[in-house]
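Please look over the sequence and the model shown below. The report that comes after it treats strand pairing, a few chosen residues and a pocket.

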Amino acid sequence: MALKLDDISINTLIGHGTAISGDIKINGFVRIDGDIDGNIETDGNIILSEHARIRGNINAKSIIVGGIILGNIHSYESVKLLPEAVVLGDIITQKLQIEDKANFHGHCISIKNKEEFEKETDKYLQTKALQEKVII
């Protein structure tokens, strides 16, 4: 299987010291070193450096986390939490790797079988949507 050019070339770079407020939709490979207050969605890969601070949900092909995320991660391939990573939210992925000293507080769905993964993901997302509509 050959790598696509998008798999190795960074299409978007959000630099250290940059602060963005609002949702972002990006095509391709993304590296984030700054702060984002909003949701991130891409059809490619995301690398969050140890300087990155995200307050929002992330949806991507694969994600490598070195910074802080306050929100949920949905990756249809893989998630890797580096030693500096802090994730306060749920993770949904087919493959999860958490390195020593990484911090994760939330629920996780990680199933390698694609059909079973999609079934459980749909079930989880429906339950989550219903919980958000409940008035306390």
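The sections below take up the parallel strands, then individual residues, and finally the pocket.

## Basis of the model

The structure is a predicted model, and local features are described where pLDDT is at least 70, with side-chain atom pairs counted only at pLDDT 80 or more.

## Strand S9 and its partners

Strand S9 spans residues 58-65 and pairs with strand S11, residues 73-81, in the parallel sense, the two being joined by seven bridges. Within this pairing, Val 65 of the one strand is set opposite Leu 81 of S11. S9 is also mostly covered, since six of its eight residues are buried.

Other strands pair with S9 as well. S6 runs parallel to S9 and is joined to it by two bridges, and here Glu 41 stands opposite Asn 59 in S9. Strand S7, which covers residues 45-48, is likewise parallel to S9, with four bridges between them; Ile 46 has Ile 63 in S9 as its bridge partner.

## Strand S11 and its further partners

Besides its pairing with S9, S11 is joined in parallel to strand S13, residues 91-93, by two bridges, and Ile 73 finds its bridge partner in Ile 91 of S13. A parallel pairing also links S11 to strand S14, residues 95-98, this time through four bridges.

Leu 81 appears in two of these pairings: the residue stands opposite Ile 98 in S14, and it is also the residue of S11 that Val 65 stands opposite.

## Asp 37 and Arg 55

Asp 37 belongs to strand S5, which is made up of residues 35-37, while Arg 55 lies in strand S8, residues 53-55. Asp 37 has a relative accessibility of 33%, a value between the 20% and 50% limits, and it therefore counts as partly exposed. The side chains of Asp 37 and Arg 55 make a polar contact with each other at 2.6 Å.

When neighbours within four places in sequence are left aside, the contacts of Asp 37 are Ile 20, Ser 21, Gly 22 and Arg 55. On the same basis, Arg 55 is in contact with Ile 36, Asp 37, Gly 38 and Leu 70. Two C-alpha separations help to place these residues along the chain and in space: Asp 37 and Ser 49, which are 12 residues apart in sequence, lie 16 Å apart, whereas Arg 55 and Ile 68, which are 13 residues apart, are separated by 8.4 Å.

## Thr 93 and Thr 121

Is Thr 93 buried or exposed? This residue of strand S13 has a relative accessibility of 0%, which is under the 20% limit, and so it counts as buried. Its side chain reaches the backbone oxygen of Glu 77 at 3.4 Å, and a polar atom of the Thr 93 side chain also lies 3.4 Å from the backbone nitrogen of Ser 78. Not counting residues up to four places away in sequence, Thr 93 touches Ser 75, Glu 77, Ser 78, Val 79, Ile 109, Ser 110, Ile 111 and Phe 117.

Thr 121, by contrast in its setting, lies in helix H1. At 5% relative accessibility, Thr 121 counts as buried, and, with residues up to four places away in sequence not counted, Thr 121 touches His 74 and Ile 92.

## The largest pocket

Rolling a probe the size of a water molecule over the atoms shows where empty space is left. The largest pocket in this model has a volume of about 300 Å³. Its lining is formed by 18 residues, and those nearest the centre of the pocket are Asn 57, Ile 58, Asn 72, His 74 and Leu 125. The elements giving two or more residues to this lining are strand S3 (24-26), strand S6 (40-42), S9, S11 and helix H1 (114-133).

Which element gives the most to the lining of the largest pocket? H1 does, with four residues. By residue class, the lining of the largest pocket divides into seven nonpolar, five polar and six charged residues. His 74, one of the residues nearest the pocket centre, is also touched by Thr 121.

Note on methods. Residues numbered from 1 in each chain as written. Heavy atoms only, no water. Pairing = 2+ DSSP bridges. Buried < 20%, exposed > 50% of the residue type's maximum accessible area, 1.4 Å probe, protein only. Contact = heavy atoms within 4.5 Å. Polar contact = N/O pair within 3.5 Å; in protein donor to acceptor, adjacent residues only side chain to side chain. 1 Å grid on protein atoms, 1.4 Å probe; cavity = no way out; pocket = protein on both sides within 12 Å on 5 of 7 lines; lining within 4 Å. Points joined across faces, edges and corners; volume = space filled by probe spheres on them. Nonpolar A, V, L, I, M, F, W, Y, C, P; charged D, E, K, R; others polar.
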